[in-house]
Amino acid sequence: MENMNHDHMNGMNDESAAGGTMHHHMMMMHMTFFWGKNAEILFSGWPGTRTGMYVLALIVVFVLGFMVEWISHSQLIKPGSTHVAAGVVQTLLHALRVGLAYLVMLAVMSFNGGVFLAAVAGHTLGFLLFGSRVFKKSSAPAPGKTSDLPPTSC
């Protein structure tokens with residue numbers, strides 16, 4: 001324990017790793033929620049320090065959350081489809097839903113408060129429009145199938 005070097009990983013220093021020259025790459029990673037437009041969301045250097053790009057990032061996260069809810073409550077498979085065609089479409093929809101949900105999760109892992117709120121707002125509005133009874137004709141849930149995909153569960 002006394003030989004642990006907390007400044008460099010695995011005992012390597014910047015000089016030996018870079019062939020004798022010092023190269024420092026400062027990467028700030030937050031481990032608690034923070035507020036501000038200077039963040040990295042999904043990709044290195046994006047959105048950067050520009051306010052417009054930060055707003056675009058929030059819109060992208062919102063749309064991703066919204067799309068997860070739309071896919072989760074959609075009925076895109078036609079009633080007369082063959083089992084094979086329905087299974088392929090269902091599998092592709094599942095892959096798309098999981099991929100989008102993971103992108104939202106990775107964006108939230110930036111620990112930016114605005115990104116978190118955008119993700120929650122996207123999921124909330126998507127559920128309100130596609131999953132809740134607000135815009136449904138009947139007050140009781142329809143018997144049988146309610147969507148093409150099973151509900152997400154842990």
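Q: In which loop is Leu42 found?
A: Let's start with a small landmark in this predicted model. Leu42 comes after strand β1, which covers 39-40, and before strand β2. The place to look is therefore the loop between β1 and β2.

Q: Is Leu42 buried, partly exposed or exposed?
A: The relative accessible area of Leu42 is 28%. Buried would need a value under 20%, and exposed a value over 50%. Leu42 lies in between, so the word for it is partly exposed.

Q: What is unusual about the backbone of Leu42, and what is its phi?
A: Most residues other than glycine have a negative phi. Leu42 is a residue other than glycine, yet its phi is positive. The value is near 70 degrees.

Q: Which residue in the loop between α3 and α4 has a phi near 65 degrees?
A: Here we move to the loop that joins α3 and α4. One residue placed there has a positive phi although it is not glycine. At 23% relative accessibility, this residue counts as partly exposed, because buried means under 20%. The residue is Phe111.

Q: Which peptide bond is cis?
A: Most peptide bonds are trans. In this protein, a bond with omega near 10 degrees is cis. Its second residue, Pro47, is found in strand β2, residues 47-48. The bond runs from Trp46 to Pro47.

Q: What pattern do the helices and strands follow along the sequence?
A: The protein has four helices and two strands. Reading along the sequence, a helix is followed by two strands and then by three helices. Written in symbols, that is α-β-β-α-α-α.

Q: Which helix gives the largest share of the largest nonpolar core?
A: This core has 17 residues, and those touching the most other members are Ile41, Val61, Leu100, Ala107 and Val115. At least two residues come from each of α2 (51-72), α3 (83-108) and α4 (113-130). The largest share is six residues, and the helix that supplies it is α2.

Q: What covers the buried residues of α2?
A: The buried residues of α2 include Tyr54, Ala57, Val61, Leu64 and Val68. An α-helix has 3.6 residues a turn, so residues three or four places apart point the same way. The elements that cover the buried residues of this helix include β2, α3 and α4.

Q: How far does α2 reach from its first C-alpha to its last?
A: The helix α2 has 22 residues. At 1.5 Å a residue, its expected reach is 32 Å. The model comes close to that, with a reach of 32 Å.

Q: Which residues does Val115 contact, leaving aside its neighbours within four places in sequence?
A: Val115 is among the core members that touch the most others. Its neighbours within four places are set aside here. What remains is Ile41, Tyr54, Leu58, Val61, Ala107, Val108 and Ser110.

Q: How far apart are the end C-alpha atoms of residues 84-105?
A: An unreviewed UniProt entry lists residues 52-72, 84-105 and 111-130 under "transmembrane region". In the model, residues 84-105 are 100% helix and 0% strand. The end C-alpha atoms of this span lie 31 Å apart.

Q: Which backbone oxygen does the side chain of Ser132 reach?
A: Ser132 is in the segment after α4. Its relative accessibility is 13%, so Ser132 counts as buried. At 2.6 Å, its side chain reaches the backbone oxygen of Leu128.

Definitions and conventions
Residues numbered from 1 in each chain as written. Predicted model: local features only at pLDDT ≥ 70, side-chain atom pairs only at ≥ 80, totals over all residues. Heavy atoms only, no water. Core = buried A, V, L, I, M, F, W, Y, C linked by side-chain atoms within 4.5 Å. Buried < 20%, exposed > 50% of the residue type's maximum accessible area, 1.4 Å probe, protein only. Contact = heavy atoms within 4.5 Å. UniProt positions renumbered as here; feature names shortened; annotations may be inferred. Polar contact = N/O pair within 3.5 Å; in protein donor to acceptor, adjacent residues only side chain to side chain. Expected span 1.5 Å × (residues − 1).
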